[in-house]
Each structure stands twice: as C-alpha cells, then as structure tokens.
Amino acid sequence: MTQRDGHRSPGRRTFIKIGGAAGVTALAGCTGGDGGGETDSGATTGETDSAPETIVIGSNHPLTGGLSYTGGRMDQAVQLAAMLTNEAGGISSLGGAELEVISGDNEGAQELGAEVAQQLIDDGAHVLTGCYSSPVSTAAARVAERAQVPFVISVSVANSILQETQLNYVYRPQPSAAQMGIDHARLMPQIAADGGIDVTTAGLYYIDISFGQSIRDTLREELPKNGVEVVAETPINFGETADTQVTQLRDADPDVVISTTYNAETVELVRAMDAQNYAPPLLAGCSSAAFNDVGSIEQMGATADGSLATNFALDPTDARAAEVQSRFESEFGEAFDANVAMTFASVQAIIAGIEAAGSADTDAINDALGSITVEDHIAAMPPMSFDDRGENANALAPLFQVQGDNSYVVAPEDYAARSPTF
Amino acid sequence: MVTAVTMLPDPAILLQLLAFGLLLGGIYGLVALGLTLIFGVMDVINFAHGAMMVVAMYIVWATATTFGISPLVVIPLAVLALFGLGVAIHRGAIAPIMDAPQENQLIVTFGVLLILVSAVEMVFSPDPRQYPIELGSQQVGSTFIPDGQLIALIIAIIAIAATWGFLHRTRLGRAMRATADNRQGAQYVGINVPRIDYLTFGLGAALAGLAGAVVPLFQTFDPFIGDRWLINAFVVVILGGLGSFPGALIGGMIIGLVQVFGLFFLPGSFYQVVIFGIFILVLLLKPRGLLGGDVYA
Amino acid sequence: MRERAEDLLGRVVSLRDRHLSRPMVIVVVLAVVGLMPHLRSISVAGVAPLGWLSINMLVITLVWATAAQAWNIMSGYTGQFSFGHAAFFGIGAYATIMAIREGGLSPWVGMLIGAGVAAVVGLVVGGLTFRYELQGHYFALATLAVAELLRYTFNSVPFLGEGSGFFKPFPREYGSEFGLAAFQFQSQEPYFYLIFTFLVVITAVAWVIRSSKLGLYFFAIRERERAAAAVGIPTVRYKLLAFGVSAALTAIPGAFWAMYFDTIRPDTVFAILINVEILLPAVVGGLGTVVGPIVGSFVVTPISEYARQSVDLHGLNNIIYGVVLILIVLYSPRGVVSWPARASDLVARWRSPTGGTDE
C-alpha cells in the first residue's frame, strides 16, 4: 500500500496497540514521525515474501462533544474486537498478523468526518470504521471511496448513505432506519397481541432531529399497514422535560407509546409518565438505545418493565456474544449497549474480510468484503452479506423486551433468548 | 397523519398544561436572573451563562454522590463556588474588556463557554446523569405537579425576592442599580464602579449556579445542556426587561406558557418559531421589555 | 452645513485609513493564500512546516474567510454587529441544492437565487430593525433570533427537508459532468481554487466599497451615526444597502459549502456555531479592514485544527482554543492585523522614548 498524501500529522497520535497474550491494553504514544512508511504495515501488491505484522484498523468516532457518550464506547468496541482477535492468534491467513487500532475524534462534526478519515488513512489504516453521525459518515465514505480504502460503517442510521451514491468501498452491516421501522411495525403488534395486548392505536414520541424524524416517517407509513393507527405525534428536543409530551399522549390515549430518541429523552419520557401517573397499555421503542442499556433501564425503573423495543443487538443465543459483553464491561467499565454490539459486529465483518483476502492490500480486502458471507459475528441477525450497494441484505433489527433489570430478545424466534411476558 | 389538535381538549388537560407552563415559566425566570443582572448592570451579554449553570450542576452531583448527601443540601455550596468562579472569570477575562466593543466581549464570553464546557466534559465524561434523589409528584384534583419542578419554582421565587430585596434595601444593591442606570454618573457620586462590576459578575454567576444546581432536580443533565437553556433565557431577559427581576419572572411565565401550549397545539417544534417571533416583536416594539424602562425595577 | 459634513467625513477618513487596506497588502496576502497548496508541500530538511494543514482544512479556512469578508462589509464597516449571518449562509446552501432538486436548474443559478433571497431577507430584517432603531446588543440578538428562527423552520417543514436535509445530487442528475459548470469536482484541489476565486472576488468588492464614497459613509455611520444623520447622510438607506450586500455575499460561501460536502441539514448550515465561525475571523483579524478577515481565518481555523491534531486528551484542544481566543482578544482588541503597526509603534517608542530619559 503506497502512502497517500505524503503529509504527516504533528506530535502525538493516540496509538492503541493491542498486545497479545496478556490482553493488556498498552497506550503507546509516539512523537515525531509515526504512521505510514515507517511501520510494518506496508505490504504492497505483488510483494510475496514477508507477511505484514500488523493490519491497521482506523476508528472514526465522536470522542468529544454531544455524541461522545456513545462514540467513545463504540471506539472501545473496535479496540476490544482487535484485542480479542490478537489474543486468539491474530489473522491466521496472514501467519498470525496482529490488528492495530488507531482512533480519531470527529467530534460529531461534518467537516471533521473527512478530515479524520484522511488522517487515519495517511497514518496507515487498511480499513476504516465509523462514524455514528450520518453526515459525518457520508463525508468519511467519500474519502474512503476516493482513497480506495474499505469502510465498514459501525453505526449510522440514515437511509440515504448508500442509496444516493454508488460506493464500491463502503459497507453497512446494520439495518437502515427504514428497515427498523418496518421491522418494528410488523413485530411489535404481533408479539403484543400474543401476550394479550391489543394494539390498534399508537402515539409516537421522537427526538426532533434527522434520525427521530426518519423513523417517525417510516412508522407513519408502516403501522397502518399492520392495523395500527397513529393518533399522536409529539417531538422532544435536547435538554427538555417530557411533561407536555406526556400530557399530549394522555389526551390521545394510544394503546402503545413508541419512543425514538437517544437515552436521556426516553428516560425523561418515563419520568414524566411516572409524575403524571400515566402508563399506556404498552411502552415501546424503535431504535431507542435506552431500552437496551442497563443503566437507563435502572433509571426508568418498573415503568419500563415489559416494554418492547426494536434495535440491532447482540445475539443472546450466542455464548461468544455474552463473553464479549462481559469482557467489554470488565476491560472498560462502561455500559455495553446496542451501538457497542453493532460496532463490534462490524469489526468482525472487517476481520472476516481480512482473513478471506489473505493480504493487507486494500483492494483485496474490499473484494473479499463484497463477496463473503460473515457468519462469525455477535449481532442478532443472520450471516451478513453485502449487496452491490454495500447494504447488508440480511440486516435485521430484532425485538427486545425489558424484563426486570435487563432486556432480552423475544422475536424473531431464531434469536430469542426468552419468551415475552406481560 | 396527525398534526395539530383540532378540537379543544377537556379542561383537566388544559389545567395540566397551565400548571406545566407556570412551572416551566418559574424555572425560565430563575435561569434568566443571572443573565439579566449582568446584562443590565454591566451591559455585557454573558454567553458563558449556560456553561456556568453546568459547572454548578456537576459540583452538586459530584459532592452529593461522593459524600452520600442530598443534592438539596449541597446547592448553597455550588452557589458560593460559582460566585467565586464568577469573580475569578471577571478578573481574568471580563474586567479587561469592559470598555471593548461588543464583538470582543462576545468572543471572550464564548471562549469562557468553550473552556468551561470542555473542562466539565473532560473531568466528568459526557454521559447523561441524574441526581441521586427520588422525587415524586403532587396531585391536585386531576393535575399533577412534579416535586422537582415545584421545588425549583419555590427557589426561583425566593431567589427573586431575595435579590430584589438586596437591590432595593441595601446600600450595595442601590449602588448596583445606580451603576446600571448611569455608569458615569455613579462614578461621579463616588461609587467604586469596578468593584461593583466584580460583585455583579460574581452575583450573576452565583445566580446562574443556583439555576443550574436546581435544573437536575427534574431533568437528566449532561455537559451540553446549558446551551439549550441559554437561547430561551435571552428571550426571557428581553421580554421581561433588562435588569428587571420581576420582569424575568413574568417574561419566564409567558415563554413557559407559550412553550407548553405551543408544543401541545402546534405541529412539531413550531412553538420555538413562535418564541423567536415573539422575541423579534418585542425587540422591535418594546426593546425595554415589559417591565423595563429608565427606572431599574 | 456642507462644511460640517466635510469635517465629519474628514475625521472619519483619518480614522479609517489607520486600518491596513492598501491594495498592495491585500494582493500579497491573497497571493500567499493562493499559493498555500504548494507552500504546504514544501519540505525543509525532511519536515514540512505547513504539512499538517490538509487541503480540506485550507478549503474550510477559506470558506470562513470569505463569509467573514462578507460579514465585515456590514458589521465591520457600518458597525451594525450581526450575530445571525448563519441565516444567509444557510439560505445560500439550501437555495443551491433545492434549485437543482426542485427546478432542475444549474447550481450556479441556485447560488444566484440564494444570494437574491438572502438579500431580500437581509433587507426585510434590516428594514424592521433599523426602522425601530435597534442598536448594539439588541440588534445583535434580533439577528440571532432570525437565524435560529430559520433553523427551526427548516427543521420542521417537510418540503424544506426537515432534520435530514438534502443530499447533493450528482452532476448527471442535472445534465452535467464533473467540472466547473456542474459546480462539483471529483478531487479537492479544484475546490480550493474555486473558493479562493470567490474570496478574491468578494475581497475585491469589499475593497471597492471601502475605498469609495460609499465606504466613507459606512464608516461615518459606524463612528458617529447621529452626527452623520445630522449632516444629511441617509443612514438608514446606507445601512440597508450594507445589510443587503453583506447578506447576498454571505450566501455564496454557503452555496459552496453545499456543493463541497455531500449533505446539508439545519444542524450543519444553520447551526448556532456558524454565526460565531463567520464573525470570528473578522474580529480576530481586524474588524473593518480588508485583510483582517483573511488573516483572521488563517489564525483561527489552523489553531483549532493544530490543537485538535496534536493534543491527545480529547477535549483539551477546545480548552486551548478557548484560551487562545480570549488571549487574542484581550491583547489585540483591534485584531491581528494591527500587530505590525503596534510593533513598529513599540520600536519607535523604544528608539526615542518620550518623557525625557537620559540619553
């Protein structure tokens, strides 16, 4: 792989070199000229003698700013995936080559998405992952495409990332917003009905930004197709209480309240519901991280018990997945949620691509990603297979239920950990 | 597709909305206090106001969780701490630019905002947090009043009354008002205006601290929440009248009611457009605000 | 009456010309900026001193320089301090994309439409605020309210894209190919030269205004508005003119932004922070000067970027940036471009101290 632009970044760059046996994370900072040509990761096409000793994964996430609560943990998920692979002997098709993760902070800003992606490439990344915020992912995708470096999106919900443009180097394992809305509208009423709750009306509570609005739009279309009428829609903004919203829902009296927000806003919803002594027959979530986050579930308390939530997630029937979760929690002391799981799974896809390619050449890895089926991953969905747009043809967002202090997959049956209880 | 409500909902709902509007209004009034004081006396727009609120929140949270005491007890500590912080910021960054053009003042307070929010984010991480306190709600008929907001409203009223009393009944307070009316004139009659500025900025920061410390009683918080309150706080300040404390309360009530009823009856987040519309109207027609005027009320 | 007018203008001229706006200086600064892509690849003893500044960052720097230059025409020259220019930036961006999507028009036409709409909005806002004689803080807050009002409106109206905004269409979707006519390119360098061209043009406009009688009136309004009105200068009309021109020109970097990035949303082109980013270079560089916005942008953006790259502790870079901003404003209230003058003042004073010391 030839060095791109030729410029070096000054000073230090956070280098997380994941060591082998002990699984200890060593933070090594290098001063001066690092990255690129000086490291061992420079196998060019055609070189057949020595296998490279490290493959570099570039992690492009918001590590500061409003999204960093999630972005930081997603970055840690990338590190963990590399760490566990190295512990298990590295990339076998490359003679045990180790994975190295370099992280960049895009601050959730569109201008920096491309900037960070370029820097990661210049610092020697063979594959990229990121970015959480959709405009950032779009900008990073352009850079990856131009530089011909594969980019496997960790989490980014917006429908149009891969649909507006033909991108040959960009992949998205997770289901898009539209897909999640479709899955929720289909599964939630079914499971509720099985449990004796008849859902014929719905109230939508969504955060008034792109992702909340997209899911709202999809639900507006899909719920009626499944026999559910939308009788209330109420938006929430950052830093607000949900009191008026709950009053609005009280007035409309729907059978189910569906929440589509980040963690804090769903917690606020439940808090306001408690304060007004209001509870709909069913509380639900579509792409609402709170229902899969142990900390948020604890904050929401008994009111959230029994809620049905759709989100991409960790496969509870997979023993390896549980191992990964506990390892994450012990290694980083942070909450393991849907975004963490999805990020980890995306890196597993990357690793599968590298293994299949048997080389550090970015085009070989890209070709591999386009053709393989990734079976070995912890996400609750079938093996991943990317279509010619880079979307995962088998993407799935299962339905969870909050039972007690945690959430468990209850549908579809293939991935169910428990049966739904009401 | 559901957009605005087409029929009038039943009276119980309207009453509930009224309650929330007044509660939110009281909180807006509290948030606006520090801003209107500094703006009124020093003619400085403190863009770091929201950031100061955030610092206080985290001081209370950190102290309460570390020592296992109720956040309510810690609030006065945060207020004092913010007073000190305000004085320090004034010395370091504000006093030198008191006579500078307003664009310079903007950049300085903006710089302070960046520093404070980033520092909080670095020290405490950006995770959303809650106070270690369980608060329920009161029920009056079919109307619910969340305890946290009720406490905030009570504190707001006390704070307004106390500061009003300070400004009208003490010598120092009268000196402040004199400075607000006429800086040069105040200097001529022997008031130590630079010292008044220190006090004003410190007091403004302390009031921001009080508002900040109180918000998490009813809401989840993170390092970025201060900025959310800041914009509407400006509206309240202008609506109520620069430097007027009762004005801040009344302005807060109006904005609170507009927000609650607007959210209920208008589609999406259009209530915010209405609030800005009111803002612009007031600026055009009565920039001194409802209770503002030549006399510092 | 006429004597008093000339008197006033004379004083304003002397005030104004203290600022650095000689054409030679402007040309030199622009030349250096234009050569940046080459300068950054210059290596001295294996190290590229400007190498850490990517083309992307240079483009961003120039976007803010151009916007600041446009902002300066109103706020720097007439002293009407606007804190809401993101409104015009956003209008430029949205008009460009929507002209393609809804009208099948060329993005260049869209940009012109954006400039026109921005000018109208500016005139309306100006008309209202100047008629009611809004000054200082109040005026600034009114402009901020307008910018925020637009942001919420775009975020809530489906026809305007709501929160998700719009994707930039491909050239083939509006009957074109990558290149100047399509207003988009496949690599970054052409974008740099395009925004540089915009900067040159808007700088030229700014310089022409400033050196003309119009500029004189603008500065008279800034320094002594009441006096200017008293001597018969139609202040409201000129303030409106400044507002309209400034608004229209601010739409242009907005249009560029829409064609440089792949998506636009209220959160990006109408964000509150954009209001600050537009005015920062002008204030830091030197309010009311012509080179100020350009130099200021090259101070502000690279500092932020350098801090971001070299500091490991995430978040520390923002603290450093905040401290630097405060220091710059505290120690050079008239902007960075006043440093050479202050330096030579210092030297002069050192050479021949007044107040009689032993020599």
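These exercises, each with a worked solution, explore a predicted model.

**Exercise 1. The largest nonpolar core**

Find how many residues the largest nonpolar core has, and which of them have the most contacts inside it.

Solution.
- Start with the count. The largest nonpolar core has 235 residues.
- Next, pick out the residues with the most contacts inside this core. From chain B they are B:Trp229, B:Phe234 and B:Phe279. From chain C they are C:Trp64, C:Leu141 and C:Phe256.
- Then ask which helix gives the most to the core. Helix α1 of chain B, residues 11-42, does so with 17 residues.
- Now turn to a second, separate core. This one has 81 residues, including A:Ala82, A:Ala192, A:Ala338 and A:Val410.
- For background: in soluble globular proteins, nonpolar side chains tend to be buried together.

**Exercise 2. The surroundings of B:Phe234**

List the residues in contact with B:Phe234, leaving aside its neighbours within four places in sequence.

Solution.
- Look within chain B. B:Phe234 touches B:Leu35, B:Ile45, B:Phe47 and B:Phe279.
- Look across to chain C. There B:Phe234 is in contact with C:Leu141.
- Link this to Exercise 1. B:Phe279 and C:Leu141 are also among the residues with the most contacts inside the largest core.

**Exercise 3. Chain B against chain C**

Describe the contact between chain B and chain C by residues, area and polar pairs.

Solution.
- Count the residues. Chain B brings 40 residues and chain C brings 42.
- Take the area. About 3600 Å² is buried between the two chains, and carbon and sulfur atoms give 83% of it.
- Check for salt bridges. The rule finds zero across the interface of chain B and chain C.
- Check for polar contacts. Three residue pairs are in polar contact between chain B and chain C.
- Locate the elements on chain B. Those giving two or more residues to the side that touches chain C are α3 (71-94), α4 (102-124), α9 (225-240) and α11 (270-285).
- Find the main contributor. α4(B) supplies the largest share of that side, 15 residues.
- Sort the side of chain B by class. It has 29 nonpolar, nine polar and two charged residues.

**Exercise 4. Chain C against chain A**

Describe the contact between chain C and chain A in the same steps.

Solution.
- Count the residues. The contact takes 32 residues from chain C and 36 residues from chain A.
- Take the area. About 3100 Å² is buried between chain C and chain A, with 45% from carbon and sulfur atoms.
- Count the salt bridges. There are two between chain C and chain A.
- Inspect one pair. A:Arg142 forms a salt bridge with C:Asp262, and their closest N and O atoms are 2.8 Å apart.
- Count the polar contacts. Between chain C and chain A there are 13 residue pairs in polar contact.
- Locate the elements on chain C. α4 (55-75), α7 (136-156), α12 (266-269) and α14 (292-310) each supply at least two residues of the side that touches chain A.
- Find the main contributor. α14(C) gives the largest share of that side, five residues.
- Sort the side of chain C by class. It has eight nonpolar, 16 polar and eight charged residues.

**Exercise 5. Backbone details**

Locate two cis peptide bonds in chain A and two residues with positive phi.

Solution.
- Recall the general pattern. Most residues other than glycine have a negative phi, and most peptide bonds are trans.
- Take one cis bond. A:Gly130 and A:Cys131 are joined by it, with omega about -5°. A:Cys131 is in the loop between β5 (127-130) and α3 (134-147) of chain A.
- Take another. A:Ala411 and A:Pro412 are joined by a cis peptide bond with omega about -10°. A:Pro412 lies in the segment after β16 (406-411) of chain A.
- Move to chain B. B:Ser125 is not a glycine, yet its phi is positive, about 70°. B:Ser125 sits in the loop between α4 and β1 (137-140) of chain B.
- Move to chain C. C:Glu162 has a positive phi near 50°. C:Glu162 is in the loop between α7 and β1 (166-167) of chain C.

**Exercise 6. Buried or partly exposed?**

Classify B:Ser125, C:Glu162 and A:Ala193 by relative accessible area.

Solution.
- Set the cut-offs. Buried means under 20%, and exposed means over 50%, with partly exposed in between.
- B:Ser125 has 22%, so this residue is partly exposed.
- C:Glu162 has 9%, so this residue is buried.
- A:Ala193 has 41%, so this residue is partly exposed. A:Ala193 is found in helix α4 (residues 177-194) of chain A.

Terms used. Residues numbered from 1 in each chain as written. Chains lettered and ligands numbered in written order. Predicted model: local features only at pLDDT ≥ 70, side-chain atom pairs only at ≥ 80, totals over all residues. Heavy atoms only, no water. Core = buried A, V, L, I, M, F, W, Y, C linked by side-chain atoms within 4.5 Å. Buried < 20%, exposed > 50% of the residue type's maximum accessible area, 1.4 Å probe, protein only. Helix = DSSP H or I, 4+ residues; strand = E, 2+ residues; numbered from the N terminus. Contact = heavy atoms within 4.5 Å. Buried area = accessible area lost by both parts, 1.4 Å probe. Salt bridge = Lys/Arg side-chain N within 4 Å of Asp/Glu carboxyl O. Polar contact = N/O pair within 3.5 Å; in protein donor to acceptor, adjacent residues only side chain to side chain. Nonpolar A, V, L, I, M, F, W, Y, C, P; charged D, E, K, R; others polar.
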